[in-house]
Amino acid sequence: ACLALLLLCGGGLFLRQANAVASVVSIDVNPSIELETTRLEKVSKIIPLNDDAKKLLEGYTPKDNDLDDVLEDLVDRMMEQGYLANEKKNDVLITVDDRGASQKTLDKVNKKVAQYIAEKQLDADVHAQKIDMDRYDKEAQKWKVSSGKMSVIDRLLQKDPTLTPEHLADTRISDLVDYAKEHNIPLDLLE
């Protein structure tokens, strides 16, 4: 009986650990979305961070919670709703929290999104970064963007004090990247 109880408790602990949030991945185009993932690369929560993201996710329920499948679904929805389209410049920012996610996770998500966008024959650049999301979380919540987008905004604000977070929060990632390039502001994003 003790052995059965020990196995039952141990199994419960394993399930709890398998379903615990292991990393946070944000995807920004404008919309801004955060995905909480387990160590088994299952999406446990999808968080819309702004009105565009709420619109994008309206009526969406993942078929399964596999990270790759959810990423594909999100890209498909962004294309269907015109957030990603060949008629405009497309940049996608992938950010992982450096406390929970490994470089392997960042590389995998970046590669998956870039590969899927290429399969869809969409002209887009995928950028990746690994940051301490807690550092940007408070400001990100205030402006209804991801911590990843807030880190880009922060770098732009440091180099150009004429900019305001109010204006930049609603700006597409493509426009932020273009502004940085035009004004020689390094964003330190991986491509």
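Q: Is strand 2 largely enclosed or open, and how many of its seven residues are buried?
A: This is a predicted model, in which local features need pLDDT of at least 70, side-chain atom pairs count only at pLDDT 80 or more, and totals for chains, interfaces and linings use all residues. Residues are numbered from 1 along each chain as its sequence is written, and side-chain values use heavy atoms, with hydrogens and water left out. Helices (H or I, at least four residues) and strands (E, at least two) are DSSP runs, numbered from the N terminus, while buried means under 20% relative accessible area, exposed over 50%, and partly exposed in between (1.4 Å probe, protein chains only). Strand 2 is largely enclosed by the rest of the structure, because the number of its seven residues that are buried is six.

Q: How many bridges join strand 1 to strand 2, and which residue in the turn of their hairpin has a positive phi?
A: Two strands pair if DSSP finds at least two bridges between them, and strand 1 and strand 2, which run antiparallel, are joined by seven bridges. One of the bridge partners in strand 2 is Ser 32, which belongs to Asp 28. The hairpin of these strands has three residues between them, and the turn residue with a positive phi, of about 120 degrees, is Asn 30.

Q: Which residue of strand 3 stands opposite Leu 35?
A: Strand 2 also pairs with strand 3 (residues 43-48), in the antiparallel sense and over five bridges. Their hairpin has four residues between the strands, and there Glu 41 takes a positive phi near 60 degrees. Across from Leu 35, in strand 3, stands Ile 46.

Q: Which helix gives the largest share of the largest nonpolar core?
A: A nonpolar core is a set of buried Ala, Val, Leu, Ile, Met, Phe, Trp, Tyr and Cys residues joined through side-chain atoms within 4.5 Å. The largest one has 30 residues, and those with the most contacts inside it are Leu 35, Val 92, Ile 94 and Val 113. Among the elements that give two or more residues to this core are strand 1 (21-28), strand 2 (32-38) and helix 4 (103-119), but the largest share, six residues, comes from helix 3.

Q: Within what arc do the buried residues of helix 8 fall?
A: In helix 8 (residues 173-182) the buried residues are Ile 173, Ser 174, Leu 176, Val 177 and Ala 180. The arc is that of the directions from the helix axis to the C-beta atoms. Seen down the axis, these buried residues line one face of helix 8, because they fall within an arc of 165 degrees.
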